[in-house]
Every structure is written in structure tokens, then in C-alpha cells.
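Reader: Please take a close look at one part of this model. I would like the setting first, then the residue-level detail.

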Amino acid sequence: MNMSFSNITPNLGLPQWLASDKPNWDIDTNEAFEKIDDFAGNVNSETASLGGRITNNQDAIESLQSEVQTQSGIITTHGTRISDLETQNQTQQTSINKLNT
């Protein structure tokens with residue numbers, strides 16, 4: 001580590017100088033700019049990959065919403081059929097009761 005500065009920033013490790021430091025401007029600034037550029041490159045890469053992941057997630061959500069609608073329709077149909085069967089059962093029970101009397 002170059003010791004022409006006393007402190008570094010916590011995230012990128014950029015040099016921070018005190019009044020008593022004797023900076024080596026060529027080395028210190030070039031190293032700092034390289035760290036900043038590397039960081040910016042990583043941010044750009046991550047940002048670019050997020051777009052694809054967001055699109056994939058949106059597609060998955062739309063697919064799930066469609067499946068929920070389909071299943072909701074099936075459940076409604078089954079509910080109607082159950083109701084019809086209960087009515088038929090009641091009618092049959094009434095007929096059986098009449099036959100038994």
C-alpha cells in the first residue's frame with residue numbers, strides 16, 4: 001500500500017490525505033481513478049444483467065397470473081357442479097322419503 005496518504009475511504013479504498021501527508025499525486029490519483037473505473041464497470045455489468053432478470057421475472061409473474069385465472073375458473077366450475085349435485089341429492093332424498101312412506 002502506498003503510504004503517501006493517511007486514510008482510505010471505506011467502500012472503494014480511495015486515498016484520504018491529512019495536512020501532514022505528502023501525496024504522490026501521479027500514483028495516488030491514478031490508483032484512485034482505476035478503482036473508480038473498475039467500480040463503475042462492475043455497476044454497469046450488474047445493471048445490464050438486471051434488465052434481463054427483471055424481464056424474466058415479469059414473464060414468470062404473467063404466467064402465474066394466467067394460471068391463477070385458469071384455476072379460479074376451474075374452481076368456480078367445480079363449485080357449480082357440487083351445488084348441482086347437492087340439489088340432485090336433495091331431490092333424490094325427497095323421492096326416497098316419499099317411497100318409504
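Author: The radius of gyration here is taken over C-alpha atoms, and the globule rule is 2.2 Å times the number of residues to the power 0.38. The model is a predicted one. For 101 residues, a compact globule would have a radius of gyration near 13 Å. This protein has 36 Å. The box tells a related story. Along the principal axes, the C-alpha atoms fill roughly 115 × 25 × 15 Å.

The secondary structure is 1 helix and 2 strands. Read from the N terminus, the order is β-β-α. Helix α1 covers residues 25–100. Strand β2 covers 15–16, and a loop lies between β2 and α1.

Next, burial and contacts. Buried residues are 10% of the 101. The protein exposes about 8400 Å², of which carbon and sulfur atoms supply 55%. Take the contacts with a separation of 6 or more: 16% of them are between residues 24 or more positions apart.

Now the close look, at D28. This residue sits in helix α1. D28 is buried. Even so, D28 has no salt bridge. K35 is the nearest side chain of opposite charge, and it is 9.1 Å away. A salt bridge needs a side-chain nitrogen of Lys or Arg within 4 Å of a carboxyl oxygen of Asp or Glu, so the 9.1 Å to K35 does not qualify. D28 does have a polar partner. Its side chain joins that of W17 in a polar contact of 3.2 Å.

N24 belongs to the same part of the account. Its place is the loop between β2 and α1. Its relative accessible area is 32%. Buried means under 20% and exposed over 50%, so N24 counts as partly exposed. K35 comes up again here. N24 and K35 are 11 residues apart in sequence. Their C-alpha atoms are 16 Å apart in space.

Further along the chain is Q71. This residue, too, is placed in helix α1. Q71 has a relative accessible area of 34%, so it is partly exposed. The side chains of Q71 and E67 share a polar contact of 2.8 Å. P10 is another matter. Q71 and P10 are 61 residues apart in sequence, and 52 Å separates them C-alpha to C-alpha.

To return to D28: a buried residue without a salt bridge, and with a side-chain polar contact to W17.

Note on methods
Residues numbered from 1 in each chain as written. Predicted model: local features only at pLDDT ≥ 70, side-chain atom pairs only at ≥ 80, totals over all residues. Heavy atoms only, no water. Helix = DSSP H or I, 4+ residues; strand = E, 2+ residues; numbered from the N terminus. Buried < 20%, exposed > 50% of the residue type's maximum accessible area, 1.4 Å probe, protein only. Lys, Arg positive; Asp, Glu negative; His and termini not counted. Polar contact = N/O pair within 3.5 Å; in protein donor to acceptor, adjacent residues only side chain to side chain. Contact = heavy atoms within 4.5 Å. Areas by Shrake-Rupley, 256 points an atom, 1.4 Å probe, with all protein chains shown as cover.
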